[in-house]
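Me: I've got a protein model open and I'd like to practise reading it. Can we go through it bit by bit?

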Amino acid sequence: MTLREFLLDHLVHTFEKEAWQPPLADAIAGLNAAQAAWKPAEERHSIWQIVRHVTLWKQAVLDALDGRAPDYKALERADWHAAAGDEAAWERDVAALHAASRALRERVEASDDAALSTTAETYEGVPGQATAIRLARMATHDVYHSGQIRCLRSLQGV
């Protein structure tokens, strides 16, 4: 198995296709805006906030791969804001998550092992890491949040 094949398998099975764990796309499927915005307590995050969080950081990975390493502190300031709205707003955020995930998968599909082994800057002024490691860690981040979303769904009875 090549590094490219491994990463593609990992990206597919953490976001869209069930294997050992429920993928993130399945965790958010079928939810409406009210379910996505629900929080078990004021200080907790909603599913909608988690979707925006994951999208933000996936986009940061894409930006870094395009040579535009984002500012880490700016990303932190943009993260975890309240999330609510109508069905159209929820669907736009879900579509943005799917688009970022698809773009990352397509990036790996278009790469070879040499490209995936190169070191890329992660955040502005932060030492880089191998592209393959960055992508594998990002995909594992999906699984972590998929579990949170499954728990929030369960608490709501959905």
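Me: How do the residues lining the second largest cavity divide into nonpolar, polar and charged?
Reply: This is a predicted model, so let's go by its residues. The lining is made up of Val61, Ala64, Leu65, Ala120, Glu121, Thr122, Gln129, Thr131 and Arg134. Sorted by class, that gives four nonpolar, three polar and two charged.

Me: Which element gives the most to the lining of the second largest cavity?
Reply: Two helices, α4 and α8, each put at least two residues into that lining. With three residues, the top giver is α4.

Me: What volume does the second largest cavity have, and what about the largest one?
Reply: Searching the whole structure turns up two cavities of 30 Å³ or more. The second largest has a volume of about 40 Å³. For the largest, the space is about 60 Å³.

Me: Which elements give two or more residues to the lining of the largest cavity?
Reply: Start with who lines it: Leu11, Val12, Phe15, Glu16, Lys58, Ser101, Leu104, Arg105, Met138 and Asp142. By class, these are five nonpolar, one polar and four charged residues. The elements giving two or more are α1 (3–15), α6 and α8 (131–156).

Me: Is Met138 buried or exposed?
Reply: Met138 belongs to helix α8, and it's one of the residues lining the largest cavity. Its relative accessible area is 6%, and anything under 20% falls in one class. So Met138 is buried.

Me: How many Å apart in space are Met138 and Ser101, C-alpha to C-alpha?
Reply: Both residues are in the lining of the largest cavity. In sequence, Met138 and Ser101 are 37 residues apart. In space, C-alpha to C-alpha, the figure is 10 Å.

Me: Okay, pockets next. Which elements each supply at least two residues of the lining of the largest pocket?
Reply: This pocket has a volume of about 150 Å³. Its lining consists of Val54, Trp57, Lys58, Val61, Tyr123, Gln129, Arg134, Arg137, Met138 and His141. They divide into five nonpolar, two polar and three charged. The elements you're after are α4 and α8.

Me: How far from the centre of the Tyr123 ring is the charged end of Arg134?
Reply: Tyr123 and Arg134 both help line the largest pocket. The charged end of Arg134 sits over the ring of Tyr123. Its distance from the ring centre is 4.8 Å.

Me: Let's do aromatic rings. What kind of pair do Trp48 and Trp90 form?
Reply: A search of the whole structure finds four aromatic pairs, and Trp48 with Trp90 is one of them. Their rings are 5.4 Å apart centre to centre, with 70 degrees between the planes. An angle over 60 degrees has its own label, so this pair is edge-to-face.

Me: Where in the chain do Trp48 and Trp90 sit?
Reply: Their pair links distant parts of the chain, 42 residues apart. Both residues are buried. Trp48 is in helix α4 (residues 47–65), and Trp90 is in helix α6 (residues 87–109).

Me: Which element gives the most to the largest nonpolar core?
Reply: Those two tryptophans show up again here: of the 20 residues in this core, Ile28, Ile47, Trp48, Trp90, Leu97 and Ile149 touch the most other members. The elements giving two or more residues are α2 (24–28), α3 (33–37), α4, α6 and α8. With five residues, the biggest share comes from α4.

Me: Tyr72 and Tyr123 pair up too. Which of them is buried and which is partly exposed?
Reply: Their pair is edge-to-face, 5.0 Å centre to centre with 75 degrees between the planes. Buried means under 20% relative accessible area. Tyr123, at 16%, therefore counts as buried. At 34%, the partly exposed one is Tyr72.

Me: Which residue joins Tyr72 and Tyr123 in one aromatic cluster?
Reply: Tyr72 is in helix α5 (residues 72–78), while Tyr123 is in the loop between β1 (119–120) and β2 (129–130). They are 51 residues apart. The residue that shares their cluster is Trp57.

Me: Last one: what is the phi of Trp80?
Reply: Trp80 is in the loop between α5 and α6. At 30% relative accessibility, Trp80 counts as partly exposed. Although it's not a glycine, its phi is positive, at about 65 degrees.

Methods. Residues are numbered from 1 along each chain as its sequence is written. This is a predicted model: local features need pLDDT of at least 70, side-chain atom pairs count only at pLDDT 80 or more; totals for chains, interfaces and linings use all residues. Side-chain values use heavy atoms; hydrogens and water are left out. Rings of Phe, Tyr and Trp (its six-membered ring) pair if their centres lie within 6.5 Å; planes under 30 degrees apart count as stacked, over 60 as edge-to-face and the rest as tilted. Helices (H or I, at least four residues) and strands (E, at least two) are DSSP runs, numbered from the N terminus. Buried means under 20% relative accessible area, exposed over 50%, partly exposed in between (1.4 Å probe, protein chains only). A charge sits over a ring if NZ of Lys or CZ of Arg is within 6 Å of the ring centre and within 35 degrees of the ring normal. On a 1 Å grid over the protein atoms alone, a cavity is a set of points where a 1.4 Å probe fits but cannot get out, and a pocket is an open set with protein on both sides within 12 Å along at least five of seven lines; lining residues have an atom within 4 Å of a point. Grid points are joined across faces, edges and corners, and a volume is the space filled by probe spheres set on the points. Ala, Val, Leu, Ile, Met, Phe, Trp, Tyr, Cys and Pro count as nonpolar, Asp, Glu, Lys and Arg as charged, and the others, Gly among them, as polar. A nonpolar core is a set of buried Ala, Val, Leu, Ile, Met, Phe, Trp, Tyr and Cys residues joined through side-chain atoms within 4.5 Å.
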